[in-house]
Amino acid sequence: KYKIIYERKGCIGAGSCTAIAPNFWKIDEGKDLKADLQGSELDVFSDDIFVRVIDESELQENLEAAKGCPAQVIHIINLETGEKLV
């Protein structure tokens, strides 16, 4: 299992994540034109950090989205090892 940590406040709305992984990322066109991580939950310790746990089958697409983010606000952690992949 892996955890996506998304710092939404720093998103610049470039949309690279939505182009790379449209099943997970969508631009919020009605509010502020920032990306939303579909199926995520607001971190209990923050008002702008969203988290979602994914499995191995969802990892590659989200790794590419995280690496393609120009604002570098998408992070992925291996929950078994604690290693930060991006």
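# Notebook: loops, contacts and one cavity

I began with Gln-72, which counts as exposed because its relative accessibility is 61%, over the 50% mark. I placed Gln-72 in the loop between helix 2 (56-68) and strand 6 (74-78). Its phi is near 55 degrees, a positive value in a residue other than glycine. I noted the background: most residues other than glycine have a negative phi. The model I am reading is predicted.

**Second entry: the positive phi at Leu-33**

I turned to Leu-33. Its phi is also positive, about 65 degrees, although Leu-33 is not a glycine. I found Leu-33 in the loop between strand 2 and strand 3. Two residues I looked up later list Leu-33 among their contacts: Asp-28 and Gly-13.

**Third entry: the whole chain**

I stepped back to the fold. How many helices and strands are there in the protein chain? I counted 2 helices and 6 strands. Along the sequence they run β-α-β-β-β-β-α-β.

Next came the overall dimensions. The C-alpha atoms fill a box of roughly 35 × 30 × 20 Å along the principal axes. The radius of gyration is 12 Å, and a compact globule of 86 residues would have one near 12 Å, so the two agree.

I then checked burial and surface. Of the 86 residues, 37% count as buried. The accessible surface comes to about 5,100 Å². Carbon and sulfur atoms hold 49% of that surface.

I also looked at contact range. Among contacts with a separation of 6 or more, 57% join residues 24 or more positions apart.

**Fourth entry: Asp-28 and Arg-8**

I went back to the loop between strand 2 (25-27) and strand 3 (35-37), this time for Asp-28. Is Asp-28 buried or exposed? Asp-28 is buried, because its relative accessible area is 17%, under the 20% limit. Beyond four places in sequence, Asp-28 touches Arg-8, Leu-33, Lys-34 and Asp-36.

I followed the contact to Arg-8. Arg-8 sits in the loop between strand 1 (2-7) and helix 1 (16-20). Arg-8 has a relative accessible area of 9%, so this residue is buried too. Which residues does Arg-8 touch, not counting those up to four places away in sequence? I listed Asp-28, Lys-31, Asp-32, Lys-34, Ala-35, Asp-36, Asp-48 and Phe-50.

I took one distance here. Asp-28 and Glu-7 lie 15 Å apart, C-alpha to C-alpha, with their positions 21 residues apart in sequence.

**Fifth entry: Gly-13**

I stayed in the loop between strand 1 and helix 1 and looked up Gly-13. Gly-13 is partly exposed, because its relative accessibility is 26%. Leaving aside neighbours within four places, Gly-13 is in contact with Ile-27, Leu-33 and Lys-34. I also took the C-alpha separation from Gly-13 to Glu-29, which is 9.9 Å for two residues 16 apart along the chain.

**Sixth entry: Lys-26**

I moved to strand 2 for Lys-26. With a relative accessible area of 39%, Lys-26 is partly exposed. Its contacts, again beyond four places in sequence, are Thr-18, Lys-34, Ala-35, Asp-36 and Gln-38. Lys-34 recurs in my notes, among the contacts of Arg-8 and of Gly-13. The C-alpha atoms of Lys-26 and Glu-56 are 21 Å apart, and 30 residues separate the two in sequence.

**Seventh entry: the C-terminal segment**

Where does Val-86 lie? I found Val-86 in the segment after strand 6. Beyond four places in sequence, Val-86 is in contact with Leu-63, Ala-66, Lys-67, Ile-74, His-75 and Ile-76. I then compared Val-86 with Lys-1: they are 85 residues apart in sequence and 15 Å apart in space, C-alpha to C-alpha.

**Eighth entry: the cavity**

I closed with a search for internal space. The count came to 1 cavity of 30 Å³ or more. The largest cavity has a volume of about 90 Å³.

Which residues lie nearest the centre of the largest cavity? I noted Cys-11, Ala-14, Cys-17, Cys-69 and Pro-70, out of 14 lining residues. I sorted the lining by type: 11 are nonpolar, 3 are polar and no residue is charged.

Terms used: Residues are numbered from 1 along each chain as its sequence is written. This is a predicted model: local features need pLDDT of at least 70, side-chain atom pairs count only at pLDDT 80 or more; totals for chains, interfaces and linings use all residues. Side-chain values use heavy atoms; hydrogens and water are left out. On a 1 Å grid over the protein atoms alone, a cavity is a set of points where a 1.4 Å probe fits but cannot get out, and a pocket is an open set with protein on both sides within 12 Å along at least five of seven lines; lining residues have an atom within 4 Å of a point. Grid points are joined across faces, edges and corners, and a volume is the space filled by probe spheres set on the points. Ala, Val, Leu, Ile, Met, Phe, Trp, Tyr, Cys and Pro count as nonpolar, Asp, Glu, Lys and Arg as charged, and the others, Gly among them, as polar. Helices (H or I, at least four residues) and strands (E, at least two) are DSSP runs, numbered from the N terminus. The radius of gyration is taken over C-alpha atoms; the globule rule is 2.2 Å times the number of residues to the power 0.38. Buried means under 20% relative accessible area, exposed over 50%, partly exposed in between (1.4 Å probe, protein chains only). Contact means heavy atoms within 4.5 Å. Accessible areas come from the Shrake-Rupley method with a 1.4 Å probe; for residues, only the protein chains shown count as cover.
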